[in-house]
Amino acid sequence: MSVKTLPLVFINLGGEMLYILDQRLRATSTSEDNSEKGVWSENDRKRVMNDIVGTLFSKTFMDELLKPQQLYSHRTLKTVLTRLAHASIMRLNPASMDRLYELTIMAFKYQVFRCPRPKDLLLISYSHIDTIRELVKDTSVVVNQVDETHRKIIEVYSSLSEGEFQLLRQTLLIFFQDMHVRVSLFLKNQIQNPDGRFALPTSGPVPHGIVVPGLIRVFDSKGREVRRSEFPAGGSYSSPVREGSFELHGDRVISLGMNMYTVNHPEETHTSKGDGTPNPLAKEELNLLACLIGSLKAENMPRAEYGFRINLFTTDQEEEEEADGTSDGAEESMFGVINIQAMQDEQSAAELARITGQFAEEEEQHENPSGNKGDDLLAMMDDL
Amino acid sequence: MYHKEKSIQIKNSASALYNNLSVLRIAPRRLTYFTVVHANVVNMVSASWDGLNYSHRQLQSKEPNVATSTSLIMQVAFCVLPSRDLLVVTSQKGIQIYESDGSIMVYWHALDTSDAPTAQAVFARGISAVWDNYICVGVSSGAILVFDVPSKGSNITLSEVLEEHKEPITDIASECSGSQECIADLVSADDGGNLCVWKSGKEFQLLNKIPGFDMSCSSVKLWKGIVVAGYGTGQIHLFEAVTGILHAEVNAHARWIYSLDIAPFSGLLLSAAEDSLVRVWHLTVTPETNSVEVAHLHNECVTDTQICGAKFCDGDGYAFAVTGYDLSEIIRYTQL
């Protein structure tokens, strides 16, 4: 349907992903210096944030997303987000990545579902950008990239009509359909019901530009009101609040899109079994994906001498359960089929080879125990 | 006034699309067909009136003879003509017309994507039968395709293309009162809230254009010469079709309206929106004084659900059915 979803999808999902990663990394940081083995310092955290944000908001990446195109499948989207997360010194195991993806999808689904007006999708996106800017505020190069992208988004999306925004929103809702992963933060705040469906209250302020229901007005042929009557609206609505700002900086007013995660309460997540039906258009999308990865700038790729593995969410027991539950023969073979070779651009192909080569190097160095913070991280992440 | 009946389970959940429920009552066989769109699939249920038999069928939107191409479906609707009933499916790729039980596809029309600017989505949306032999379908460019349908067989032809709207068509409706006196027999609505009123024929005639106010009109109905239009502001406007005079304005819902329906014999109006509410109203038209009355009768709340389809199941409005986003059932209500 809508051909303009991708930039907003990546900003919002990327934003949610960064909120969660930021919370996890802060929760483990207990000292400023790197001397204590296995601890993520403030600098490490900032480095991860800068690397990921720098990649997400790079001009080539965003330009690729801004081209009019259909929304990716879940499989493709998850793969690209995984690459994004790995644009830093951090490594996530597959189970963690699955959990992270589910969390970010459910958060964004909630925001799109409860979005007051279709146009407010932009305010939600800008809220994410605001917080992302905060996360990288100490690195002006990255802040500039964020600002440039934000300006570009304002330029492209400000002129869309409400009808076009609703089409965009409907496209996203179709994408999120039937996903009812329960998230304990949402359950606790009662924005999600035990069956996984989101709450939709019939109370509170109506969206900006909408009138509180309850009035019928009748006019004569000259347009003069001849009668008005009221009817029971069946809810308790109030007048709208002021409109949020659509500028580069400003009060967005609505709370959707703001960071729900706080450092002191690392929240539990709960996964339900996903539906792994293969997408017949996967080959086309994987080619697109290949172009996208090839266009990720070389300078954003890590030059780290070692990799950090992170186990974000699970205890050892849960990880075993995950391993049993998620290995699906069909899925494995789908990934086996990926041939990232649809490169017309020699330079991109060379870059991609260098990138994948780099990952291979890091995998090897994993075996080296000295200077490897990865394994100790596992114990530390279990704050649940 | 109404109470909830046993729901009908469907194979997939309903997608968040305007007017996402179509109902066809087949009295001689004591059956009712329901269709609901889920992404690229149409879920069709045939329900017997005694509530004992349900049979399901799924249709996909795809070009004939092309195995792998499916596309997202925008709308599905039954078209009732004097000689035959047909099922029309509109998607990103084109328009398919089936026999009303979904068994055979009788016609396929591919959308022309070549002259559309690539930055815009291309799709068909808005379906209505009109007069004896026409089916009208709207397109994202704003054009309305008029198909001439023979009384049997598959020799359906594109008779005319109406180009008045400049924004994507959202919904099209024909005069449903059965009255022969109404001059206007078709109304079309678009994403800017603009309404066009037509008289059908070998060449369709534009009778009136009612300008919008930059807010999508997602659902429209035409009854006894009155256009009933539902908007993204949650409001319903009632216009006199031929003159464009605004008879009434209802602040009906707190969110975007997704579906309107009228029971032609009783003048009952059904409105449903993203705010999880379905409302039943009564319309009275007094031709002598040229006035319209709107009375509110009933509310139903489908908890935590953004409603995407609501239709009366019969011409009197004795029963109605509702679909909601992410919901895998058709909820039914009947009068007490």
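**The interface between chain A and chain B**

Strand β3 of chain A pairs with strand β22 of chain B, which spans residues 246–251, in the antiparallel sense and over three bridges. The model in which this pairing appears is a predicted one. Within the pairing, A:R217 stands opposite B:E249 of β22(B). The side chains of A:R217 and B:E249 also meet, in a salt bridge with an N to O distance of 3.2 Å. Between chain A and chain B the count of salt bridges is four.

The two strands belong to a wider contact between the chains. Chain A contributes 50 residues to the contact, and chain B contributes 54 residues. The size of an interface is often expressed as the accessible area that is lost when the parts come together. Here the area buried between chain A and chain B is about 4,300 Å², and carbon and sulfur atoms give 52% of that area. Polar interactions can be counted as well: 25 residue pairs, with both residues at pLDDT 80 or more, are in polar contact across the interface of chain A and chain B.

Which elements of chain A each supply at least two residues of the side that touches chain B? They are α5 (94–114), α8 (162–176) and β3 (215–219). Of the elements of chain A, α8(A) gives the most to this side, with ten residues. Sorted by class, the side of chain A that touches chain B consists of 27 nonpolar, 13 polar and ten charged residues.

On chain B, attention may now pass from β22 to the loop that follows. B:H253 lies in the loop between β22 and β23 (257–263) of chain B. Is B:H253 buried or exposed? With a relative accessible area of 1%, B:H253 counts as buried, because the term applies to values under 20%.

The surroundings of B:H253 include residues of both chains. Leaving aside residues up to four places away in sequence, B:H253 touches A:I210, A:V211 and A:P213 of chain A. From chain B, the residues that B:H253 touches include B:T233, B:G234, B:A272, B:A273, B:L277 and B:R279. B:S271 and B:D275 are also touched by B:H253, and each has a side-chain interaction to be noted. The side chain of B:H253 makes a polar contact of 2.8 Å with the side chain of B:S271, and a further polar contact, of 3.1 Å, with the side chain of B:D275. By way of reference within chain B, the C-alpha atoms of B:H253 and B:L81 are separated by 33 Å, the two residues being 172 residues apart along the chain.

Note on methods. Residues are numbered from 1 along each chain as its sequence is written. Chains are lettered from A and ligands numbered from 1 in the order in which they are written. This is a predicted model: local features need pLDDT of at least 70, side-chain atom pairs count only at pLDDT 80 or more; totals for chains, interfaces and linings use all residues. Side-chain values use heavy atoms; hydrogens and water are left out. Contact means heavy atoms within 4.5 Å. Buried area is the accessible area (1.4 Å probe) that two parts lose on being put together, summed over both. A polar contact is a pair of N or O atoms within 3.5 Å; within protein, one must be able to donate a hydrogen and the other to accept it, and residues adjacent in sequence count only if both atoms are side-chain atoms. Helices (H or I, at least four residues) and strands (E, at least two) are DSSP runs, numbered from the N terminus. Ala, Val, Leu, Ile, Met, Phe, Trp, Tyr, Cys and Pro count as nonpolar, Asp, Glu, Lys and Arg as charged, and the others, Gly among them, as polar. Two strands pair if DSSP finds at least two bridges between them. Buried means under 20% relative accessible area, exposed over 50%, partly exposed in between (1.4 Å probe, protein chains only).
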